[in-house]
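Me: Could you take me through the empty spaces in this protein and the residues around them? I'd also like to hear how the charged side chains pair up.

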Amino acid sequence: MTSRRTPPFGRALCAMITPFTDEGLLDLDGAQRLADRLVSGGCDGLVLSGTTGESPTTTDAEKSALVRAVADAVGDRAAIVAGIGTADTRHTAELALEAEKAGADGLLVVTPYYSRPPQDAVEAHFRAIADASGLPLALYDIPGRTGTRIEPETMLRLAEHPRIVAVKDCAYDLLGTQKVLAATELAYYTGCDEYVLAMYAIGGAGYISTVANVTPAQFRSILDAFDGGDPDEAVRLQQLTIPLTELMMASGLPGSVTAKALLDTLGLPSGPVRAPLRPAGRDAADGLRTAYERLVAASAGV
């Protein structure tokens with residue numbers, strides 16, 4: 001196999017949901033139990049308070065408390081990456097400092113959304129956040145949600161900053177991704193579960209997965225097979241995940257909703273989603289459970 005960049009946060013990361021109590025309060029005990037399960041299942045790192053973690057509806061204090069609790073639960077077994085992105089540069093810089101104080105190992109920062117800043121303003125925003133703390137930074141490129149792309153040329157300039165080390169890539173532009181991979185040392189993590197193997201095969205660092213909330217070992221096995229010199233097995237394992245990935249990520253429901261619905265059917269920490277999101281219906285939850293059981297059985301060779 002060819003040499004590969006050393007990923008700053010490990011290879012297999014989960015974009016963890018934020019568990020809530022039945023009353024809708026932050027469930028720190030549940031978060032610790034879920035985090036321990038994910039790390040024991042093969043996750044090298046956990047991304048907290050991302051979109052899957054319902055960051056738009058959690059408070060700054062809740063975000064910090066979540067980092068502290070999960071860091072206590074997993075210790076040095078996994079990297080903790082705190083999602084701190086907002087549409088306000090000053091607020092995002094404040095969250096960077098709070099995440100550092102709470103014990104995060106890195107930061108995930110999404111492109112400022114809704115205001116649709118031009119590329120020079122996008123670049124200035126990320127540089128300001130990278131300068132705000134001593135933590136390494138992953139840029140989150142997801143124009144379908146934010147309305148603004150981090151253009152490859154902007155990525156090339158941002159890669160010169162010593163604390164900008166990674167990208168969570170949801171731009172669906174493999175050509176642009178390869179241009180940046182070829183010219184920089186940025187570690188690219190796919191945020192699209194259907195692209196785990198594709199991104200890894202072209203030199204990516206790994207993944208930040210929503211579906212891994214329920215199937216951490218099954219996604220880790222794709223990378224392990226590829227690294228073990230068996231690309232055909234990696235293809236087979238990737239294809240096994242597609243039915244569940246489609247239901248969780250392409251059914252018209254947000255990943256936070258489907259992940260929590262499936263975790264709930266498995267008796268694992270989840271709780272309700274916060275408004276304006278609404279829970280999945282019974283039929284959707286049953287379909288997710290069926291797809292999950294088929295994936296687990298197929299992965300075990302049953």
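Reply: On a 1 Å grid over the protein atoms alone, a pocket is an open set of points with protein on both sides within 12 Å along at least five of seven lines, a cavity is a set where a 1.4 Å probe fits but cannot get out, and lining residues have an atom within 4 Å of a point. Points are joined across faces, edges and corners, and a volume is the space filled by probe spheres set on them.

What you see is a predicted model, where local features need pLDDT of at least 70, side-chain atom pairs count only at pLDDT 80 or more, and totals for chains, interfaces and linings use all residues. Residues are numbered from 1 along each chain as its sequence is written, and side-chain values use heavy atoms, without hydrogens or water.

Let's begin with the open spaces. The largest pocket holds about 940 Å³. It is lined by 45 residues, and Thr-51, Thr-52, Tyr-140, Ile-142 and Arg-145 are the closest to its centre. Two or more lining residues come from each of H2, H3, strand E4 (106-110), helix H5 (143-146), helix H10 (231-249) and helix H11 (255-265); here helices (H or I, at least four residues) and strands (E, at least two) are DSSP runs, numbered from the N terminus. By class, this lining has 19 nonpolar, 17 polar and 9 charged residues, where Ala, Val, Leu, Ile, Met, Phe, Trp, Tyr, Cys and Pro are nonpolar, Asp, Glu, Lys and Arg charged, and the others, Gly among them, polar.

The second largest pocket has a volume of about 180 Å³. Its lining has 14 residues, with Lys-260, Ala-261, Asp-264, Pro-279 and Ala-280 nearest the centre. H11 appears again: both H11 and helix H12 (282-299) supply at least two residues of this lining, and H11 gives the most, with 5. The classes here are 7 nonpolar, 4 polar and 3 charged.

Now for the closed spaces. The whole structure has 4 cavities of 30 Å³ or more. In the largest there is about 90 Å³ of space. Its lining includes Asp-60, Lys-63, Ser-64 and Val-67, along with Ala-82, Gly-83, Leu-95, Glu-98 and Ala-99. Helix H2 (60-74), strand E3 (79-83) and helix H3 (89-102) are the elements that give two or more residues to it, and H2 gives the most, with 4. Sorted by class, the lining of the largest cavity is 5 nonpolar, 3 polar and 3 charged.

The second largest cavity measures about 40 Å³. Among the residues lining it are Asp-141, Arg-149, Ile-150, Asp-169, Ala-171, Thr-177 and Tyr-188. Helix H6 (152-158) and helix H7 (174-183) each give two or more residues, and H7 gives the most, with 3. This lining divides into 6 nonpolar, 2 polar and 3 charged residues.

One of those lining residues deserves a pause. Asp-169 sits in strand E6 (residues 164-169). Asp-169 is buried and has no salt bridge, and the nearest side chain of opposite charge, Arg-149, is 5.7 Å away. Buried means under 20% relative accessible area, exposed over 50%, and partly exposed in between (1.4 Å probe, protein chains only). Lys and Arg count as positive and Asp and Glu as negative, while His and the chain ends are not counted. A salt bridge puts a side-chain nitrogen of Lys or Arg within 4 Å of a carboxyl oxygen of Asp or Glu.

Other charged side chains do pair up, and the whole structure has 18 salt bridges. In one of them, Asp-224 meets Arg-11 at 2.8 Å, N to O. Asp-224 lies in helix H9 (residues 216-227) and Arg-11 in the segment before strand E1 (12-15), so this pair ties together parts that are 213 residues apart in sequence. Asp-224 is partly exposed at 38% relative accessibility, whereas Arg-11 is buried at 15%.

Two further pairs each stay within a helix. Arg-33 and Asp-29 form a salt bridge of 3.1 Å, N to O, and both belong to helix H1 (residues 28-40), 4 residues apart, about one turn of the helix. Arg-33 is partly exposed, at 45%, and Asp-29 is partly exposed with 45% relative accessibility. Glu-123 and Arg-127 also meet at 3.1 Å, N to O, and they sit 4 residues apart in helix H4 (residues 119-132), about one turn of the helix. Glu-123 is buried at 14%, while Arg-127 is partly exposed at 25%.

To finish, back to Arg-11 and Asp-224: salt bridges with shared partners join them with Asp-44, Arg-220 and Asp-227 in one network.
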